[in-house]
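Here are my notes on the model, as numbered points. Please read them with the structure open.

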Amino acid sequence: MYFDGLQRALSNKRVLELGAGNGLNALLLGRLGAEVVTIDISSASEALITKAADELGLNNVRALSGDFIEMDLPFRSFDYVLGLNFLHQLPIDQEKAYFG
């Protein structure tokens, strides 16, 4: 995922990561130049990512917590959406809404 010109492709792009967990992907993407918004159901994830981004000096990584289907996002659109290991936790109606 982090090869073949990804840094060039991410420069000044908006990335949404759903189910961010510990934030490793978001922090790497932010370091590569993307403006990243993460959403995780866990407020602990939000705190962890916010602290790490601050310590790394990444002001282009913003962490949120809550139900992404019901959230008002800080941007109207994203260039890339990344979601790892979260769909299996959604009820069928929410999966359909996500892909809808």
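1. Lys51 is exposed, with a relative accessible area of 52%. Its partner Glu55 is exposed too, at a relative accessible area of 60%. The two side chains meet in a salt bridge, with 3.8 Å from N to O. This is a predicted model, and the structure holds 1 salt bridge. Why can these two side chains meet? Lys51 and Glu55 are 4 residues apart in helix H3 (residues 43–56), and therefore separated by about one helical turn. An α-helix has 3.6 residues a turn, so residues three or four places apart point the same way.

2. Ala44 also belongs to helix H3. Ala44 is exposed, with a relative accessible area of 54%. Its C-alpha atom is separated by 8.9 Å from that of Asn22, although the two are 22 residues apart along the chain.

3. On the sheet: 4 strands form it, in the order E3-E2-E1-E4; the sheet is open and the pairing is parallel. Strands E3 and E4 stand at the edges with a single partner strand each, so one side of each has no neighbour in the sheet. From one strand to the next, the twist averages 15 degrees.

4. Strand E1 (residues 14–18) pairs with E2 in the parallel sense over 5 bridges. Within this pairing, Val15 has Val36 of E2 as its bridge partner. The chain gets from E1 to E2 through helix H2 (residues 24–31), and this β-α-β crossover is right-handed. Leu16 likewise has a bridge partner in E2, namely Val37.

5. What joins E2 to strand E3 (residues 61–65)? The two strands run parallel and are joined by 5 bridges. Val61 in E3 is the bridge partner of Val36. Here the chain crosses from E2 through H3 to E3, in a β-α-β crossover that is right-handed. Val36 thus has a bridge partner in E1, Val15, and another in E3, Val61.

6. Strand E2 (residues 35–40) is mostly covered, with 5 of its 6 residues buried. Thr38 lies in this strand. Is Thr38 buried or exposed? Thr38 is buried, with a relative accessible area of 1%. Leaving aside neighbours within four places in sequence, the contacts of Thr38 are Glu17, Ala20, Ala26, Ile49, Arg62, Ala63 and Leu64.

7. On the helices against the sheet: H2 lies across E1, E2, E3 and E4 and runs at about 170 degrees to E2. H3 packs on the sheet as well, where it touches E2 and E3, and its direction makes about 165 degrees with that of E3.

8. Which residues of H2 are buried? They are Asn25, Ala26, Leu27, Leu29 and Gly30. The cover over these buried residues includes H1, E1, E2, H3, E3 and strand E4 (80–83). After H2 comes Gly33, whose phi is positive, near 110 degrees.

9. The largest nonpolar core has 17 residues, and those with the most contacts inside it are Leu10, Val15, Leu27, Leu29, Val36 and Val61. Helix H1 (6–10), H2, H3 and E3 each supply at least two residues of this core. Apart from this core lies another, of 8 residues, among them Leu16, Val37, Leu64 and Phe75.

10. Val15 deserves a separate look. Not counting residues up to four places away in sequence, Val15 touches Leu10, Leu29, Ala34, Glu35, Val36, Val37, Phe78 and Tyr80. Leu10, Leu29 and Val36 also appear with Val15 among the residues with the most contacts inside the largest nonpolar core. The bridge partners Leu16 and Val37, by contrast, belong to the core of 8 residues.

Technical notes: Residues are numbered from 1 along each chain as its sequence is written. This is a predicted model: local features need pLDDT of at least 70, side-chain atom pairs count only at pLDDT 80 or more; totals for chains, interfaces and linings use all residues. Side-chain values use heavy atoms; hydrogens and water are left out. A salt bridge is a side-chain nitrogen of Lys or Arg within 4 Å of a carboxyl oxygen of Asp or Glu. Buried means under 20% relative accessible area, exposed over 50%, partly exposed in between (1.4 Å probe, protein chains only). Two strands pair if DSSP finds at least two bridges between them. A crossover is right-handed if, with the strands pointing away from the viewer, the path from the first strand over the helix to the second runs clockwise. A nonpolar core is a set of buried Ala, Val, Leu, Ile, Met, Phe, Trp, Tyr and Cys residues joined through side-chain atoms within 4.5 Å. Contact means heavy atoms within 4.5 Å. Axes are lines fitted to C-alpha atoms, for helices over the stretch in contact, and angles run from 0 to 180 degrees between N-to-C directions.
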